[in-house]
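Visitor: Can we walk through this one together? I'd like to start with a turn and work outwards.

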Amino acid sequence: MKSIRQINLAKSAYRASEKVRKIGKILTIISFLVLGLFLILYTASFSLISYLSVKYNRTQNNINELTNAINEKKVLEAIKTASFKKLNTIDKIMAAQLPYQLLFKDIFDFIASTPIEVKNLNLDENGTISMVMIASTSAALDEFVESLIAKDELEDKYKNINATSIVRESEGAYNMGITFITNRKKFNEE
C-alpha cells in the first residue's frame, strides 16, 4: 500500500485547475471574439438601418411631392380627356354625315348653268335628293337630266337618277320631279 506521502492530493488539484485555466483562457478569448463580432454586427446593422431609414424618408418625400404634382394636374387632365373624347365623337359624327355645304354648292353651281329654277329640294339622311324644278320648255328639262347624267358619268357624284314626273302647268311652264342618290365617298374626298 501507498503511504500518505505517496498520495499527492495537491498535485492532482493543481492539474485540474491548470486545465480549468486553459479552458478559462480559451473561453475568455472566445468570449471577447464573440463580443467583438457582436459589436461589429450591431454597429453594421445600426448603420444599415440608419441608412435605409434616411433613404426611405427621401423616397416618401419624393412620393408625396409627385402625388401633389399629379393631384394638381388632375383637373387639367380631366378637361383634356373629356375634350379629346368629345372631339373624337364630333369627328365621327362629321365623318358619318354628308358634307352638305359641298353637296349644295355642287348642285346649285350645276343648276346655275341651266335655264331651270328649283321649286323644292329635299335631302334625307341617306343622301337621297328629291327636287321639283320648273322650266319654260320640256327641252330645258330634258337637257338638264342629260347634263346630270353626263356629270354622273364624269364625276361619279350622283347615281340612280330618275325623273319621277313631268307636269305642264296652265301658264305653259313645266314642272319635273327628279330623285337621285349622292355618292358620299366623292363628297367626303373633297
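**Hairpins, sheet and core**

Visitor: How many residues sit between strand 3 and strand 4 in their hairpin?

Guide: Five residues lie between strand 3 and strand 4 there, and Gly172 in the turn has a positive phi of about 105°. Strands here are DSSP runs of E with at least two residues, and helices are runs of H or I with at least four, numbered from the N terminus. One caveat up front: this is a predicted model, where local features need pLDDT of at least 70, side-chain atom pairs count only at pLDDT 80 or more, and totals for chains, interfaces and linings use all residues. Residues are numbered from 1 along each chain as its sequence is written, and side-chain values use heavy atoms, leaving out hydrogens and water.

Visitor: OK. How many bridges hold strand 3 and strand 4 together?

Guide: Eight, with strand 3 and strand 4 antiparallel; two strands pair if DSSP finds at least two bridges between them. For one example, Asn162 has Thr179 in strand 4 as its bridge partner.

Visitor: Ser165 is in strand 3 too. What does Ser165 touch?

Guide: Leaving out residues up to four places away in sequence, Ser165 touches Asn175, Met176 and Gly177, with contact meaning heavy atoms within 4.5 Å. The C-alpha atoms of Ser165 and Met176 are 5.4 Å apart, though 11 residues separate the two along the chain.

Visitor: Is Ser165 buried or exposed?

Guide: In between: Ser165 is partly exposed, at a relative accessible area of 37%. Buried means under 20%, exposed over 50%, and partly exposed is what falls between, using a 1.4 Å probe and protein chains only. Lys159, also in strand 3, is partly exposed as well, at 40%.

Visitor: Zooming out, what order do the four strands take in the sheet?

Guide: The sheet is open, ordered 1-2-4-3, with antiparallel pairing. Strand 1 (116–123) and strand 3 (158–168) are at the edges with a single partner strand each, so one side of each has no neighbour in the sheet. Neighbouring strands are turned by 20° against each other on average, direction ignored; the axes are lines fitted to C-alpha atoms.

Visitor: And what links strand 1 to strand 2?

Guide: Another hairpin, this one with four residues between strand 1 and strand 2, and Gly127 in its turn has a positive phi of about 95°. Strand 1 and strand 2 share seven antiparallel bridges, and Leu123 is partnered with Ile129 in strand 2.

Visitor: Which strand 2 residues are on its covered face?

Guide: Ile129, Met131, Met133 and Ala135, while Thr128, Ser130, Val132 and Ile134 make up the uncovered face. Strand 2 (residues 128–135) also has eight bridges to strand 4 (residues 174–182). Along that pairing, Thr128 stands opposite Ile181, Ser130 opposite Thr179 and Met131 opposite Ile178.

Visitor: How covered is strand 4 itself?

Guide: Mostly: seven of the nine residues in strand 4 are buried.

Visitor: Then which residues touch the most others in the largest nonpolar core?

Guide: Ile107, Met131, Phe144, Leu148, Ile178 and Phe180, out of 20 residues in that core. A nonpolar core here is a set of buried Ala, Val, Leu, Ile, Met, Phe, Trp, Tyr and Cys residues joined through side-chain atoms within 4.5 Å. Helix 3 (100–112), strand 2, helix 4 (138–155), strand 3 and strand 4 each supply at least two of the residues, and helix 4 gives the most, five. Beyond its neighbours within four places in sequence, Ile178 contacts residues including Met131, Phe144, Leu148 and Ile161.

Visitor: How much of the whole chain counts as buried?

Guide: Of its 190 residues, 18%. The chain exposes about 14,900 Å², with carbon and sulfur atoms supplying 61% of that; the areas come from the Shrake-Rupley method with a 1.4 Å probe. In total, the chain has five helices and four strands, running α-α-α-β-β-α-β-β-α from the N terminus.

Visitor: Last thing: where is confidence lowest?

Guide: In helix 5 (residues 184–189), with a mean pLDDT of 63, while helix 1 (residues 9–72) is highest at 88. pLDDT is the predictor's confidence in each residue, from 0 to 100. The chain averages 81, and 82% of the residues score at least 70. Where pLDDT is low, the predicted coordinates should not be read in detail.

How values were computed
Axes fitted to C-alpha atoms, helices over the stretch in contact; angles between N-to-C directions.
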